[in-house]
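Could you walk me through this one while I have it open in the viewer? I'd like to know what to select at each stop and what I will find there.

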Amino acid sequence: MPVLKNFFAELRSRGVRKTLAIYMSSGLTTIGIVRLFTDVYKLPPWIFPLVVTLLTCGLVSAFLFAWYHGQEGRQPFGRKEVLLHALVGIVAVYLSARMVYAPPASSPQRLGKSIAVLPFTNMSGLKEDEYFSDGVTEDILTQLAKINDLRVIAHGTALKYKDTKKTAREIGNELGVAAIVTGGMRRDGDRIRISGRLISTTSDEYLWAETYDREFKNIFAIQSEVAGRIAEALRARMTEEETHRVNVPPTTNLEAYALYLRGRDLKGKGTSEANEQAVAVLQKAIALDPRYALAYAELGLAYRQRYIAYGFPGEWADSAVALGQQAVDIDPSCAEGYRTLGSGYEALGTYSRALESYNKAIQLSPNYAAAIAGVGWVAFYLGKLDEALAWMRKSVELAPDEASRYVNVGLMCNLLGEDSIAVLWFNKSLTVEPDILVTTYYHKIYLHLFQRNIAEARRLAKIGLEKSPDDLWILHASGDVESIAGNYARARAHYERAVKHSSLVDGPGNQLAFTMLKSGETRAAHAILDSNLAIYKRRSGDNPEDSHNPLVVATILAVKNNPEEALTWLRIAVELGYSEHRWLTVEPMMENVRQEPGFRAIMDALGKRLNTMRDKAKLEGLFRSPDQHASSSTEYASMSANYQTR
């Protein structure tokens, strides 16, 4: 074909092939570099396709330039060539704008068999039945969470949609789920009426709907049947073991069940008074049914809450472990019992047993956000902050509207030195629970203390105290702000209030003694320090896994101006996983050892360890904002495989 031969001859004479070869080689190199930088530094997702698009359009312009200017001699730009280049430019600008300004993909990532159970409507209209309808909703969700083939959003997240006017499509976009369950419940004497609907979030169509009007004694059979119907409608595969777990009733005593729901509701209110009431109600439930595993597990969590949140002695964490063990002894398939065991062991610093218990809970209930976060906390205490961050992020995906989950991610980012990302996660938690969660203020206080921004830390401490004036942790943090600022009298006032809500041993007793020394009360201060030194040395010997005990010993010895022994204990704490490098740079009680060569050597080694973890977290894309947090199913599968073998 003469025409085709002439065309190829023109290409050769104008040097088009050579120009395109050089351009494509350079372009491929550029694409490789951009891909590398995008993956390593987690650049905005539109950058890579934008570069590829521009290079593709540039290829057309390179061809045009070679065609019109590839021959020897000077070839001026003609009108036709200019128009063609302009057309290419317009296409490039249009495609680039589409990529840069396109609306972001909905987050979290939508999965095919994903579901949220919205709070059922209390059709009786009686306020005292409200906790019961919420409890039944949570129990249906708990049954669904036992099915490995489903992704189930946590109950606390779904609660925000109580009495919502939003459509299924809107809720699906916000939560990233393929379907939602809605319904209502009416309790009338010994009868109960439950209606349930499964709605597609992409089409707003009913995938399943049914009404159950039965005797109240059949409540557990209804819950199991609802879970089975939903799984069937979503084509989720249920193993024989999962089917058995879903169908076994937790108790035969319906009065005990009602008390359990009431106790669980009270414990979730997060106040000391509600905790007291929850304990009393759950104890009654156990008295009615001594074989009620879930009631033991919930009571154990209430006991652990006393130790962690309200300053009760460590014996309450021991009791949490004992109750968790009773729960799993009664029912070895009780995921809640293993979660209670894990949280008790975690509070006591027995991390190997805590990890084993949390893993078992996740095995029994793969969507158990609290247990997944528990694995993250164990990783944190063991000094594996990058792994902790990965698990905390996963818990957010399953509970995207529980503020504490965002706080946990922010804390890990902060400790790894990614303050700008940490602030985004902290602020997100405040949009979820703006008037409740003081934990956010607690951690933001320390973020600013690490930056030596005393004024902002003090401002946040003031807000925290206004929101919760008797909160143990806010009082402690407020004391730390003033102690770092050198205002020891103000610091002492905060520490004294905190100790009243806890004790000299498990509260900020050592910090109080430090401020007493600053005011010249030497004898009384050393009495506190010497007593606590003996206690924490004994605790360190009793539990060789926990870095907290040797750290406290190190700080007491530093205050007592015994630098050599203090550094010995600090090394032990770091070897056990203590990783809060940034706190050690500002901790007032370490002022006597901070200039010691041994202290600087410890800090250098710890800093290198943190840099390694931070680099690893960057490579794995863990430093993402709350709007980009969703991880892929492949990433989580890898995490699951890893934690099973640790």
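A crossing of two helices is called left-handed if the near helix is turned anticlockwise from the far one by less than a right angle, and right-handed if clockwise. Keep that in mind for the first stop, and remember along the way that this model is predicted.

**Stop one: a helix pair.** Select residues 454-467, which form helix 21, and residues 472-485, which form helix 22. Their axes come within 9 Å and cross at roughly 155 degrees. Angles over 145 degrees count as roughly antiparallel, so helix 21 is roughly antiparallel to helix 22. Turn the view until one helix lies over the other, and you will see helix 21 pass helix 22 in a left-handed crossing.

**Stop two: the contact.** Now show side chains. From helix 21, pick I454, A457, R458, A461, G464 and L465. They meet I474, L475, S478, V481, E482, I484 and A485 of helix 22. What is the make-up of this contact between helix 21 and helix 22 in nonpolar, polar and charged residues? It divides into 9 nonpolar, 2 polar and 2 charged.

**Stop three: a cavity.** Searching the whole structure turns up 2 cavities of 30 Å³ or more. For the second largest, select D480, S483, Y495, Q511, F514, W583, E587, P588 and M589, which line it. Helix 22 appears again here: together with helix 24 (509-518), it makes up the elements that give two or more residues to this lining. The space inside the second largest cavity is about 30 Å³, and its lining residues comprise 5 nonpolar, 2 polar and 2 charged.

Methods. Residues are numbered from 1 along each chain as its sequence is written. This is a predicted model: local features need pLDDT of at least 70, side-chain atom pairs count only at pLDDT 80 or more; totals for chains, interfaces and linings use all residues. Side-chain values use heavy atoms; hydrogens and water are left out. Axes are lines fitted to C-alpha atoms, for helices over the stretch in contact, and angles run from 0 to 180 degrees between N-to-C directions. Helices (H or I, at least four residues) and strands (E, at least two) are DSSP runs, numbered from the N terminus. Angles under 35 degrees count as roughly parallel, over 145 as roughly antiparallel, 65 to 115 as roughly perpendicular and the rest as oblique. Contact means heavy atoms within 4.5 Å. Ala, Val, Leu, Ile, Met, Phe, Trp, Tyr, Cys and Pro count as nonpolar, Asp, Glu, Lys and Arg as charged, and the others, Gly among them, as polar. On a 1 Å grid over the protein atoms alone, a cavity is a set of points where a 1.4 Å probe fits but cannot get out, and a pocket is an open set with protein on both sides within 12 Å along at least five of seven lines; lining residues have an atom within 4 Å of a point. Grid points are joined across faces, edges and corners, and a volume is the space filled by probe spheres set on the points.
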